[in-house]
Amino acid sequence: MDNVNVYCIIVTYNAMKWVDTCLGSLRNSSINIHPVIIDNRSNDDTINYISNNYPEAHIIINNKNKGFGQANNQGIEYAYKKGATHFFLLNQDAWIYEDTIRKLIEVQDKFELTIVS
């Protein structure tokens with residue numbers, strides 16, 4: 001597990017009420033995670049808040065709402081180009097526990113799986 005490069009893709013749309021719980025949980029992960037935010041044209045303060053409070057997050061701002069699937073694909077493409085070894089898709093209103101990513105990678109490695117959910 002030494003050479004993992006985990007990117008967490010989060011599609012946002014007016015996500016202010018969930019940002020701290022979601023992104024805060026990534027900061028507490030036992031595995032380093034690179035957050036990638038794809039914003040689908042929020043009209044609240046989501047982007048400014050993330051920019052000011054989560055500088056580790058890479059933000060992609062769409063000029064229109066491209067939908068959940070296409071936005072996830074944008075994040076995966078970005079992470080792939082950055083050398084991601086693992087992609088973790090997380091909903092804006094969800095969070096992880098400290099050892100979530102580590103456990104998923106352990107199961108993936110043990111059983112030689114491509115996708116773990």
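## A salt bridge within helix 3

Lys81 and Glu77 lie four residues apart in helix 3 (residues 68–81), which means that about one helical turn separates them. In this predicted model, their side chains meet in a salt bridge, with an N to O distance of 3.2 Å. Lys81 is exposed, because its relative accessible area is 64%, over the 50% cut-off. Glu77, with a relative accessible area of 45%, is partly exposed.

## A salt bridge and a network in helix 4

Helix 4 (residues 100–111) contains Arg102 and Glu106, which are likewise placed four residues apart and separated by about one helical turn. A salt bridge joins the side chains of Arg102 and Glu106, at 2.8 Å from N to O. Arg102 has a relative accessible area of 27% and is therefore partly exposed. Glu106 is also partly exposed, at 37%. Asp99, Arg102, Lys103 and Glu106 form one network, joined by salt bridges that share partners.

## A salt bridge between distant parts of the chain

The count of salt bridges in the structure comes to five. One of them is formed by Glu56 and Arg27, whose closest N and O atoms are 2.7 Å apart. This pair links distant parts of the chain: Arg27 belongs to helix 1 (residues 19–27), whereas Glu56 sits in the loop between helix 2 and strand 3 (58–61), and the two are 29 residues apart.

Both partners fall in the intermediate class of accessibility. The relative accessible area of Glu56 is 36%, so this residue is partly exposed. For Arg27 the value is 45%, and Arg27 too is partly exposed.

## The aromatic pair

A pair of aromatic rings is described by the distance of the centres and the angle of the planes. The structure holds one aromatic pair. Its members are Tyr7 and Tyr78, with ring centres 6.4 Å apart and planes at 70 degrees, so the arrangement is edge-to-face. The pair connects distant parts of the chain, since Tyr7 is in strand 1 (residues 6–12) and Tyr78 is in helix 3, 71 residues apart.

The two tyrosines fall into separate accessibility classes. Tyr7 is buried because its relative accessible area is 8%, under the 20% cut-off. Tyr78, at 21%, is partly exposed.

## The cavity

The model has one cavity of 30 Å³ or more. The volume of the largest cavity is about 30 Å³. Its lining consists of Ile10, Thr12, Ala15, Trp18, Val19, Cys22, Leu23, Ile37 and Gln92.

Helix 1 provides the largest share of this lining, three residues. Strand 1 and helix 1 each contribute at least two residues to the lining of the largest cavity. In terms of residue class, the lining has seven nonpolar and two polar residues, and no charged residues.

## The position of Asn48

Asn48 is located in helix 2 (residues 46–53). With 47% relative accessibility, Asn48 counts as partly exposed. Asn48 and Ser29 are 19 residues apart along the chain, and their C-alpha atoms are separated by 24 Å.

Methods. Residues numbered from 1 in each chain as written. Predicted model: local features only at pLDDT ≥ 70, side-chain atom pairs only at ≥ 80, totals over all residues. Heavy atoms only, no water. Buried < 20%, exposed > 50% of the residue type's maximum accessible area, 1.4 Å probe, protein only. Salt bridge = Lys/Arg side-chain N within 4 Å of Asp/Glu carboxyl O. Phe/Tyr/Trp six-rings, centres within 6.5 Å; stacked < 30°, edge-to-face > 60°. 1 Å grid on protein atoms, 1.4 Å probe; cavity = no way out; pocket = protein on both sides within 12 Å on 5 of 7 lines; lining within 4 Å. Points joined across faces, edges and corners; volume = space filled by probe spheres on them. Nonpolar A, V, L, I, M, F, W, Y, C, P; charged D, E, K, R; others polar.
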